[in-house]
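Here are a few notes from going through the model, in the order I'd look at things on screen. Have the structure open while you read.

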Amino acid sequence: MKDIARELGVSVATVSRALKDSPRISDKRREEIKKYAKEHGFSPNLMAESLRNRKVMKIIGVIIPQFAHFYFSSVLSGIEEEAYRYGYRIMVAQSNEQYEREVEICRSFHENKVCGIIVSQAKDTTHYEHFQTLLDKGVPLVFYDRICTGVNASRVTVDDYTGSYAAVDYLVKTGCRRIAFYSSPMKLEISKNRYNGYRDALLRNGIKPDDCIMKICDNREDAERITPEVLSDDNRPDAFFAVNDDTAIGIMFAAKRMGFRIPDDISICGFTNGQRAIACDPMLTTVEQRGVEVGRQAADILIGKVEGRIPEEKVEKRVVRTRLIIRDTTKKI
């Protein structure tokens with residue numbers, strides 16, 4: 001506004017009033033200022049305006065590990081829908097699975113006065129001081145999917161244990177006896193919960209888990225790389241349960257290249273139910289994760305805290321139910 005005022009030979013106050021359509025400014029002057037502002041790409045600084053007027057910033061900071069994953073984009077969609085319903089906007093940043101980047105994003109969000117932060121922690125995160133600092137400064141914080149057990153904050157998760165148990169139990173009931181598990185790093189709570197569901201489903205069906213066919217692998221590239229070796233073993237798996245759909249699809253492509261028939265020779269189940277699950281051939285059996293609902297619930301908690309409907313000190317813990325979607329990469333019971 002200072003630049004506009006200088007160029008047009010008016011005061012900053014006149015520019016401000018003109019841009020707000022104040023009747024105190026003549027129509028001619030108002031149109032002149034607005035035309036100049038538009039031609040030079042001016043847009044008002046909503047954050048500065050809010051601070052000047054001492055209003056609560058209605059901007060929510062959202063941290064996602066990676067944009068590329070369907071699940072995180074669906075969570076983001078749910079957050080945006082709920083935020084829009086209450087008149088909030090979102091500011092989104094990607095940690096790219098890096099601890100240092102996550103710390104920097106938290107600092108930046110706080111400096112930019114967001115009203116609260118919704119976050120799924122990066123795989124690399126093992127220290128949680130940056131999250132605790134936000135809480136200590138009174139910034140509402142809600143975790144989704146990858147929760148931080150080292151910080152007493154609200155969170156929204158899916159029932160990872162039940163989803164995994166249902167998937168593996170179904171595989172067993174279709175006749176599979178040697179079921180491999182491809183997991184995210186076990187330091188993550190979702191990995192522990194999904195492993196426990198996998199393990200308990202085997203045990204309750206009289207099958208002893210074999211750590212030799214439990215791999216830390218949570219992306220398609222690694223799945224295509226390691227699966228040929230797993231399937232070359234004399235005691236190869238007859239089924240795979242993967243921590244996400246991309247990994248499951250990587251397993252399927254590797255198996256098909258080796259000449260295995262899906263699901264006659266190898267059954268495969270994923271976890272997400274994204275668009276890729278129905279774009280592959282055969283279509284993927286998977287656990288539906290309901291990311292949009294996770295996002296809606298996370299935003300509802302955060303906005304509730306900002307607006308006082310949920311007490312600041314209350315830790316909300318919500319669980320979104322999963323369901324097994326049976327398609328063509330598994331046999332029918």
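1. Start with Arg 17, which is found in helix 2. Keep in mind that this is a predicted model. Arg 17 counts as partly exposed, because its relative accessibility is 29%. If you skip its neighbours within four places in sequence, Arg 17 is in contact with Ser 22, Arg 24 and Ile 25. Ile 33 sits 16 residues away from Arg 17 in sequence, with 10.0 Å between the two C-alphas.

2. Now for the helix that carries Arg 17 and its packing partner. Helix 2 (residues 12-19) and helix 3 (residues 27-39) have axes that come within 9 Å and cross at roughly 90°. That angle is why helix 2 is described as roughly perpendicular to helix 3. On the helix 2 side, Thr 14, Val 15, Ala 18 and Leu 19 make the contact, while helix 3 brings Arg 29, Arg 30, Ile 33, Lys 34 and Ala 37. By type, the residues of this contact split into 5 nonpolar, 1 polar and 3 charged.

3. Next, the sheet. It is an open one, with 6 strands in the order 7-6-8-9-10-12 and mixed pairing. Strand 7 (214-216) and strand 12 (323-325) stand at the edges with a single partner strand each, so each has one side without a neighbour in the sheet. On average, and ignoring direction, neighbouring strands here are turned by 20° against each other.

4. One edge of that sheet deserves a closer look. Strand 10 (residues 285-288) pairs with strand 12 in the antiparallel sense, over 3 bridges. Thr 286 has Ile 325 in strand 12 as its bridge partner.

5. There is also a helix against the sheet. Helix 10 (residues 220-231) packs there and touches strand 6 (179-183), strand 7 and strand 8 (239-242). The direction of helix 10 makes about 155° with that of strand 6.

6. Last, the cysteines. How many disulfides does the count come to? The count is 0. Cys 176 is in no disulfide, and the nearest cysteine sulfur, that of Cys 269, is 10 Å away. Since a disulfide calls for sulfur atoms within 2.5 Å, that pair does not qualify. Cys 269 is likewise in no disulfide, its nearest cysteine sulfur being that of Cys 176. Are these two cysteines buried or exposed? Cys 176 counts as buried because its relative accessibility is 2%, and Cys 269 counts as buried because its value is 1%.

Note on methods:
Residues are numbered from 1 along each chain as its sequence is written. This is a predicted model: local features need pLDDT of at least 70, side-chain atom pairs count only at pLDDT 80 or more; totals for chains, interfaces and linings use all residues. Side-chain values use heavy atoms; hydrogens and water are left out. Axes are lines fitted to C-alpha atoms, for helices over the stretch in contact, and angles run from 0 to 180 degrees between N-to-C directions. Helices (H or I, at least four residues) and strands (E, at least two) are DSSP runs, numbered from the N terminus. Angles under 35 degrees count as roughly parallel, over 145 as roughly antiparallel, 65 to 115 as roughly perpendicular and the rest as oblique. Contact means heavy atoms within 4.5 Å. Ala, Val, Leu, Ile, Met, Phe, Trp, Tyr, Cys and Pro count as nonpolar, Asp, Glu, Lys and Arg as charged, and the others, Gly among them, as polar. Buried means under 20% relative accessible area, exposed over 50%, partly exposed in between (1.4 Å probe, protein chains only). Two strands pair if DSSP finds at least two bridges between them.
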